[in-house]
Amino acid sequence: DDGIRRKKIHLPEIDPQKIIKGSLWEMLSSSARTFADFKDLEHDATEFETLFTESAIKATPKTNSNKNNIRSKSPMSPRRSCARIIDSKRSMHGGIGLARIKMSHAKVASLIDKMDSTSSLNVTQLKALQEFLPTNDERLAITNYIQKEQGADVGMDKILSDLPECEKYMVAMIDVKNANDKFEATIFRVQFRDRFDELTTGITTLKKACDEVKNSLKLRRMMAMTLTLINQINTRGDSARKRLLGFNLEALLTLGKSKAFDKRTSILEYLIKLLRQND
C-alpha cells in the first residue's frame, strides 16, 4: 500500500448469478464497448487524483454556521366538530350543489336505484349527489320530523315544501336501498370506458418507454461509464481488486450525496463532467 487513503464508494454488490440474460449489465459484460479500462476515457488524471485522494487536499475544519432560526408558529384554533345530523352549514352546501343538477330528486333516486349509467349525469355530479346521502342519524331526524308534522290535514307535499332543498333530496333517497353502493357502481360504470382507454394508453406508453430504455445505446454507454468510474475509485485501477459487475438505480442517489475530498464536488457532479468530456 502507498499509504494514501482514497475515496471509497460503498454500494451493494450484485450477485453474478442474479444478472438476468438480456439485461443491461449482461449486455455490458459481453460488449466490447464497456469502457472497462478507465484510461480509455478522456479525463484529467491530476484532477481525479486531487478529488479522490486524501493527501491531495488538506481538509479544512468545518465551521458550525447553523443558527437556530426556527419560526414560531401561531397556535392553530381548534376545529369545531361537525354535527352528524342536518345542520345549517351542511344544508346550505347541499342546496348549492343540488341547484347545479337540473333533474328532479325523484328522477335521481330512480336512476340510482336502477344503477342507470346512460343518464346525463357525469361523474362529478354523481359524486356530489353521493356526498349528501343521508346518514343514519339524518335519516332518523328526517323521519321523526315527517311523522311529527304529518297529520290528517297536512300532506307530504306540504311537509316537503317547508324543507330546504338538501333535506328534500334526502327524503327522496331514504327509500333507495344500499344507495351508497349503488352510487359507487353507477360511477364505476360511467367512468369505465374513459379509465379503460386511459390505462390502455398508459400501458402502451410504458411498454414503448421500456423498449427505448432497453435498446438505448446512449443509456448503455452512460451506465458503462458510471460503472467504470465507480470501479476506478474503489480499486485504484488495480485489476487484482474486486470490481462491481453492476449497481441498482438507487446507487445514483448515493453518488449525488457522496463528496470528493474537496468537500464540494459530488461523485455525481464529476460523473456528469466525465460524460460530457466523452460524449
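Okay, let's start in a loop: Lys 263 lies between helix H11, residues 251-257, and H12. This is a predicted model, by the way, so keep that in mind throughout. What catches the eye at Lys 263 is the backbone, with a positive phi of about 65° even though the residue is not a glycine. As a reminder, most residues other than glycine have a negative phi.

There's another one like that. Met 115 isn't a glycine either, and its phi is positive too, about 55°. You'll find Met 115 in the loop between H4 and helix H5, which covers 123-131. How accessible is Met 115? The relative accessible area is 30%, so Met 115 goes down as partly exposed.

Since I've mentioned H4, let's look at that helix. H4 takes in residues 105-114, and His 105 belongs to it. Is His 105 buried or exposed? Buried, because its relative accessible area is 16% and the cut-off for buried is under 20%. Now look at what surrounds it. Setting aside anything within four places in sequence, His 105 is in contact with Leu 98, Glu 165, Lys 168, Tyr 169 and Ala 172. Out of that list, pick Glu 165: its side chain makes a polar contact with the His 105 side chain, at 2.7 Å.

On to salt bridges. The idea is familiar: side chains of opposite charge can pair when their charged atoms come close. How many salt bridges does the model have? The count is six, and I'll show you some of them.

Go back towards H12 for this one. Glu 47 pairs with Lys 273, and their closest N and O atoms are 2.7 Å apart. In sequence these two are 226 residues apart, with Glu 47 in helix H2 and Lys 273 in helix H12, residues 267-277, so the pair links distant parts of the chain. As for accessibility, Glu 47 is partly exposed at 22%, and Lys 273 is partly exposed as well, at 36%.

Compare that with Arg 193 and Asp 197. Here both partners sit in helix H9, residues 179-215, and they are four residues apart, about one turn of the helix. Their closest N and O atoms are 3.5 Å apart. Arg 193 comes out as partly exposed with 46% relative accessible area, and Asp 197 is partly exposed at 36%.

One more salt bridge: Lys 158 with Asp 162, at 2.9 Å from N to O. Lys 158 is partly exposed, at 46%, and Asp 162 at 48% is also partly exposed.

Last stop, the inside. How many cavities of 30 Å³ or more are there? Just the one, and its volume is about 40 Å³. Which residues line it? Turn the model and you can pick out Arg 6, Lys 7, Phe 48, Phe 52, Gln 232, Ile 233 and Arg 236. Helix H2, which you've met through Glu 47, is back here: H2, residues 45-52, and helix H10, residues 217-235, each supply at least two residues of the lining. And what is the mix by class? Three nonpolar, one polar and three charged.

So that's the tour, from the loops to the cavity. Happy to go back to any of those views.

Technical notes: Residues are numbered from 1 along each chain as its sequence is written. This is a predicted model: local features need pLDDT of at least 70, side-chain atom pairs count only at pLDDT 80 or more; totals for chains, interfaces and linings use all residues. Side-chain values use heavy atoms; hydrogens and water are left out. On a 1 Å grid over the protein atoms alone, a cavity is a set of points where a 1.4 Å probe fits but cannot get out, and a pocket is an open set with protein on both sides within 12 Å along at least five of seven lines; lining residues have an atom within 4 Å of a point. Grid points are joined across faces, edges and corners, and a volume is the space filled by probe spheres set on the points. Ala, Val, Leu, Ile, Met, Phe, Trp, Tyr, Cys and Pro count as nonpolar, Asp, Glu, Lys and Arg as charged, and the others, Gly among them, as polar. A salt bridge is a side-chain nitrogen of Lys or Arg within 4 Å of a carboxyl oxygen of Asp or Glu. Buried means under 20% relative accessible area, exposed over 50%, partly exposed in between (1.4 Å probe, protein chains only). A polar contact is a pair of N or O atoms within 3.5 Å; within protein, one must be able to donate a hydrogen and the other to accept it, and residues adjacent in sequence count only if both atoms are side-chain atoms. Contact means heavy atoms within 4.5 Å.
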